[in-house]
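This report walks through selected strands and residues of the structure shown below, and is best read with the model open alongside.

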Amino acid sequence: MNDKIAVVGATGLVGRTMLKVLEERNFPISEIHLFASARSAGSTVDFCGKAITVKELNDENIRAAGVGYALFSAGSDVSKRYAPVFAETGAVAIDNSSCWRMDKDVPLVVPEVNPDAAFENRGIIANPNCSTIQAVVALKPLHDKFKIKRIVYSTYQAVSGAGRLGCEDLAAGVSGVKPKKFPYPIAYNILPHIDVFTDDGYTKEEIKMINETRKILGDDSLAITATTVRVPVLYGHSESINIQFEKAITRKAALEALKSAPGIVVRDDPQNNIYPMPLDAEGRDEVFVGRVREDRSVENGLNIWVVADNIRKGAATNAVQIAELLRSRGNQPHKHV
């Protein structure tokens with residue numbers, strides 16, 4: 001079993017969190033190789049109390065490393081160029097960008113939802129969008145029992161989803177400094193705008209949620225719409241999800257299904273003001289669900305409120321969990337690209 005690990009984009013926000021999660025979860029590692037751009041090569045990043053030198057990402061260094069798993073968080077262009085190189089060496093590249101998500105030959109995996117899909121890989125596995133990951137973890141047990149017909153997503157997404165510059169815009173904006181990442185101030189404001197707008201008025205973030213949900217749940221017939229919004233919160237995406245089911249559903253039955261599902265923490269006691277908030281999720285790997293209630297405006301309708309740490313479960317932790325899943329079944333060989 002090859003327990004050599006690579007982290008690509010190791011100096012970025014998600015890359016550093018991947019290292020933190022690997023350390024916290026005691027992932028078995030015989031060697032670790034950190035890759036980044038030529039600009040970052042030669043710098044050091046701490047891992048398990050040791051300063052690890054960052055290498056330039058190139059074909060020669062990839063082949064010399066000979067890793068079993070490569071965790072990517074360096075953007076679509078980098079993933080498109082170098083994930084196949086890792087796959088050619090026999091590694092499995094687990095990519096956090098949008099590059100491979102809708103490729104029919106690349107599985108899009110959330111371990112609590114569709115673990116078996118991971119073993120259909122040809123050397124590349126896609127990590128879904130952060131907002132999609134937490135949503136499908138909550139939707140899966142409900143879909144299994146009541147069969148989803150339609151989903152309406154409304155998201156409230158933290159600035160860390162836009163990276164370091166997004167966080168800086170919020171911090172600086174409190175003092176009145178003009179934003180560098182966002183088109184308008186995010187401090188004391190909300191922006192109904194994540195990623196670029198398409199010709200039909202949706203943003204790419206909204207389209208990602210729609211298409212990725214269908215792929216992960218394995219049902220192209222699902223009717224889904226989405227509105228994604230940036231809010232002045234550092235960490236933790238929140239989502240209001242309205243669902244219509246084929247079968248009859250009650251609040252009690254929904255709570256029972258959610259409480260028995262993996263990776264979910266139910267916080268639903270409205271009489272005592274207990275419901276999920278971003279502060280609950282920050283630094284945690286679970287998906288928090290609350291405000292569960294029947295939607296009486298439609299037949300078989302339900303509303304839920306879903307919160308998770310977008311940098312951890314929404315990115316780094318999910319990638320590490322995929323590697324753990326592969327390793328737990330003996331690191332089965334994949335079909336080469």
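## Strand β1 and its partners

Within strand β2, Ile-32 is the bridge partner of Ile-5, and the description that follows rests on a predicted model. Strand β1, which spans residues 4–8, pairs with strand β2, residues 31–36, in the parallel sense over 5 bridges. Between the two strands the chain passes through helix α1, residues 13–24, and the resulting β-α-β crossover is right-handed. Strand β1 also runs parallel to strand β5, residues 69–72, to which it is joined by 4 bridges, and there the bridge partner of Ile-5 is Tyr-69. Strand β1 is mostly covered, since 4 of its 5 residues are buried.

## Asn-129 and its surroundings

Asn-129 sits in the loop that connects β7 (124–126) with α4 (130–146). Is this residue, Asn-129, buried or exposed? With a relative accessibility of 5%, Asn-129 counts as buried, because the cut-off for that class is under 20%. Its side chain makes a polar contact of 2.9 Å with the side chain of Glu-205. When neighbours within four places in sequence are left aside, the residues in contact with Asn-129 are Arg-101, Glu-205, Lys-208, Met-209, Glu-212 and Gly-314.

## Ser-297

Ser-297 likewise belongs to a loop, here the one between β12 (287–295) and β13 (301–308). Ser-297 is classed as exposed because its relative accessible area of 62% is over the 50% cut-off. The side chains of Ser-297 and Asp-295 are joined by a polar contact of 2.7 Å. From Ser-297 to Glu-206 the separation is 91 residues in sequence and 24 Å in space, taken from C-alpha to C-alpha.

## Cysteines

A search of the whole structure for disulfides returns 0. Cys-99, accordingly, is in no disulfide, and the nearest cysteine sulfur, which belongs to Cys-130, is 17 Å away. For Cys-167, the closest cysteine sulfur is again in Cys-130, and the distance of 12 Å is too far for a bond because a disulfide requires two sulfur atoms within 2.5 Å.

The table sets out the accessibility of the individual residues discussed above.

| Residue | Relative accessible area | Class |
|---|---|---|
| Asn-129 | 5% | buried |
| Cys-167 | 14% | buried |
| Cys-99 | 26% | partly exposed |
| Ser-297 | 62% | exposed |

Cys-99 is partly exposed because its 26% lies between the cut-offs of 20% and 50%, while Cys-167, at 14%, is buried because its value is under 20%.

Terms used. Residues are numbered from 1 along each chain as its sequence is written. This is a predicted model: local features need pLDDT of at least 70, side-chain atom pairs count only at pLDDT 80 or more; totals for chains, interfaces and linings use all residues. Side-chain values use heavy atoms; hydrogens and water are left out. Buried means under 20% relative accessible area, exposed over 50%, partly exposed in between (1.4 Å probe, protein chains only). A polar contact is a pair of N or O atoms within 3.5 Å; within protein, one must be able to donate a hydrogen and the other to accept it, and residues adjacent in sequence count only if both atoms are side-chain atoms. Contact means heavy atoms within 4.5 Å. Two strands pair if DSSP finds at least two bridges between them. A crossover is right-handed if, with the strands pointing away from the viewer, the path from the first strand over the helix to the second runs clockwise.
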